[in-house]
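Me: I should be grateful for a close look at a single part of this structure, namely one helix and the sheet beside which it is placed. Please set out the terms as you use them.

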Amino acid sequence: MNRHLPFMRRNRRWLVVAAIALLGLSDALPAFSQSNEIRSGRIGIEFGKSRYGRKGSQYKSRRNNIMENNSKMGFWSVGILGGASFNWQTREAGYAYDRTFDGAWGAHAGVTGTYMFFDWLSIRADILYTQKNYNMRRMHPALQELNIHSNYTNHYLQVPVMADWTFGSLVRAHIFTGAYGAAWLSGEAARVTPFNKDELKTKYQFTPEDNRADGGLVGGVGISWDPIYYIRISAEAMIFYSLANTVKRQPVMNDTRYNNTIVIGLSARYVF
Amino acid sequence: MKQKLLYIALIATLVIGCRPKGDIYFDPNDPMNMAYTTYTGQFEAFWRGMNTHYVFWSEDSTDWDAVYKDMLPRFQELDTTYATSGTTPDSATFAGLYAEMTATLRDHHMSIQVLDVHTNKPFLFYPGVAEVKQRDYVVGQNYSFEAIQTAINGFVSSGLLSSGTWGEMGEQHNFFGIRNVDDKKIAYLWISNFQISQALSKEPESEGETAYIQNLRSWLDLCIKDENLLGIILDTRCNLGGKVEDLKYVVGSFIGKPLHYADLRYKEGVGRYEYTDWIPAIIDTVAAENRRDLEASNIPYVVLSNAMSISMGEISAAAIKQLPTGCMIGERTFGAHGQIVSNSALLHDGSFGDKDGLHYVYTSSMQTRFRGEEVLEGIGVSPDKSVLQVESGYDGAMEKAIDYIKAY
């Protein structure tokens with residue numbers, strides 16, 4: 001602890017400013033406004049839908065509700081999330097040196113569930129639709145005019161299971177660590193080849209060497225905020241680090257192609 | 001703090017290390033990868049080149065990994081024998097190993113040229129030819145140029161054709177003939193190779209070449225412009241192939257709208273199954289003044305084929321077969337439809353090695369799948385009306401074609 005004191009002393013002024021700003025922000029936002037009762041815990045009390053409401057009819061301030069919420073254990077939350085994915089492949093070029101693989105953006109959406117063990121630790125599992133797209137371009141000087149490329153769109157169903165390490169109170173920071181399993185559902189390729197100048201988009205035909213089972217590690221960060229007592233909104237970014245080669249292991253020669261996927265998005269959860 | 005960073009680095013290394021690395025893929029056309037001095041090295045170069053450059057792995061039943069495991073010790077044994085006794089393998093042994101490896105490969109364009117690494121004695125294999133020779137309708141048949149030349153001359157003497165002339169351009173030959181049926185005409189062309197574009201743009205240098213070019217022009221003129229045309233016969237029997245661009249003459253001249261006759265795909269990477277999707281192959285119509293829409297005119301177009309209709313010789317047959325008035329008569333063809341692209345920078349497959357070096361493999365660059373068919377590489381295109389030479393010689397299919405046109 002003593003080791004941190006110089007840092008805290010040196011930055012004390014900024015820490016105080018940050019703390020005040022955080023508290024001020026929470027009050028400034030409409031959802032935190034005491035006058036906005038319809039979105040506050042009071043409606044929950046009336047209809048008996050909030051945890052606080054189940055406890056009784058007494059009114060507590062919005063801030064106290066949330067503070068209490070965050071300090072409780074054994075809560076469930078479920079919600080939806082969506083955003084964008086950015087995927088790139090880690091792969092051997094082989095001798096095809098003029099092939100360049102670029103990352104590509106895609107869509108990302110799903111449902112999420114969390115069980116809070118402690119104020120600082122939850123377990124989270126999602127069911128996600130994630131696109132793991134990437135583009136290939138031929139860079140051979142003799143082929144520049146042909147604009148040869150293949151843009152791959154790959155559809156995955158992912159199930160990450162993560163520990164959600166949480167810090168803070170009103171606006172809370174999250175660190176996610178875990179693993180995921182996934183299935184490669186389908187894909188499309190949009191191609192320009194030496195034989196078709198107009199981009200041709202076709203469904204990807206799986207081959208016997210395609211490994212449609214995916215899995216690996218997942219990690220990320222997020223920030224959450226409870227605009228209403230039983231609603232939690234989060235912004236988060238995660239990286240899915242695949243440990244599964246998209247090509248099945250072969251007896252003699254092996255080609256490796258691993259996906260790396262960053263997803264960024266928003267989620268909204270209902271806290272039971 | 002440093003300790004923590006070390007732990008983090010260690011964990012990161014472990015995680016990243018969980019991704020097994022791939023093998024190193026050598027460019028089979030890089031001379032450095034052909035600088036071997038042993039039979040095993042030669043086998044490795046051949047096996048790896050085939051592994052990445054062979055375009056039919058998706059269609060082939062050959063277990064190429066099993067081939068590696070089975071054959072590697074046998075080539076190592078050759079090296080051991082040479083090292084201990086200085087003995088090189090005899091032709092039958094050496095050729096037998098390569099023949100065994102390639103016996104079930106589908107690519108019928110394939111030829112494999114290898115030199116004994118110690119004696120430089122050359123060996124040449126045609127796995128596709130070996131397969132075709134074993135077909136029951138091929139055994140005992142003569143598909144030489146002399147055989148079909150004799151047969152075509154016989155068409156004139158027997159009255160199957162009313163007249164005709166031979167043309168010659170280098171090693172290529174053609175024959176243009178006419179069969180008069182009352183006041184109508186059937187236009188007949190036999191051609192040994194498809195080099196029509198090249199021939200029509202060439203200044204003839206001999207009488208034979210003049211006749212060769214004139215035969216092509218006469219056949220096209222008769223087919224496109226003659227009011228008394230009853231039907232067309234294109235004879236691709238014993239045709240050894242050529243330029244696919246010639247489809248514009250033998251098909252594009254006879255259609256009123258573009259014909260999507262096949263789909264093509266090739267490999268866009270080093271992976272064995274790293275294919276593009278199927279790309280439509282379309283034959284465009286030629287200029288209106290140079291074509292006749294056979295469907296609109298209701299004129300039959302017969303293409304004759306046999307087991308030695310090879311490559312463009314059978315691609316043209318497969319395309320004509322798809323025309324509304326088209327009909328293919330004869331035998332199932334050779335089965336070499338994979339197209340060849342000579343620009344090695346374009347694709348990641350096809351021929352590899354060094355023609356003047358210790359090994360060279362001539363192989364297709366693209367898979368061809370005719371419309372409404374599976375990939376017929378190694379199988380051949382089946383005719384609409386089967387007439388086997390083993391039953392009726394070269395005349396049988398010709399007679400059938402004329403009867404068909406007359407009755408159309």
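Reply: The account below takes the helix, then the sheet, and then how they meet. This is a predicted model, in which local features need pLDDT of at least 70, side-chain atom pairs count only at pLDDT 80 or more, and totals for chains, interfaces and linings use all residues. Residues are numbered from 1 along each chain as its sequence is written, while chains are lettered from A and ligands numbered from 1 in the order in which they are written.

Helix H11 of chain B spans residues 312-321; helices (H or I, at least four residues) and strands (E, at least two) are DSSP runs, numbered from the N terminus. Of its 10 residues, 10 are buried, among them Met312(B), Glu314(B) and Lys321(B). A residue is buried if 20 or more other C-beta atoms, placed from the backbone, lie within 10 Å of its own.

The sheet is open and has 3 strands of chain B in the order S8-S7-S13, with antiparallel pairing; two strands pair if DSSP finds at least two bridges between them. Strands S8 (279-283) and S13 (367-370) of chain B stand at the edges with a single partner strand each, so one side of each lacks a neighbour in the sheet. From one strand to the next, the twist averages 35°.

Strand S7 of chain B (residues 259-265) is joined to S13(B) by 4 bridges, and Ala262(B) stands opposite Phe370(B) in S13(B).

H11(B) lies across S7, S8 and S13 of chain B, at about 135° to S7(B). Axes are lines fitted to C-alpha atoms, for helices over the stretch in contact (C-beta atoms, placed from the backbone, within 7 Å), and angles run from 0 to 180 degrees between N-to-C directions.

Notes. Buried ≥ 20, exposed ≤ 12 C-beta atoms within 10 Å, placed from the backbone. Contact = placed C-beta atoms within 7 Å.
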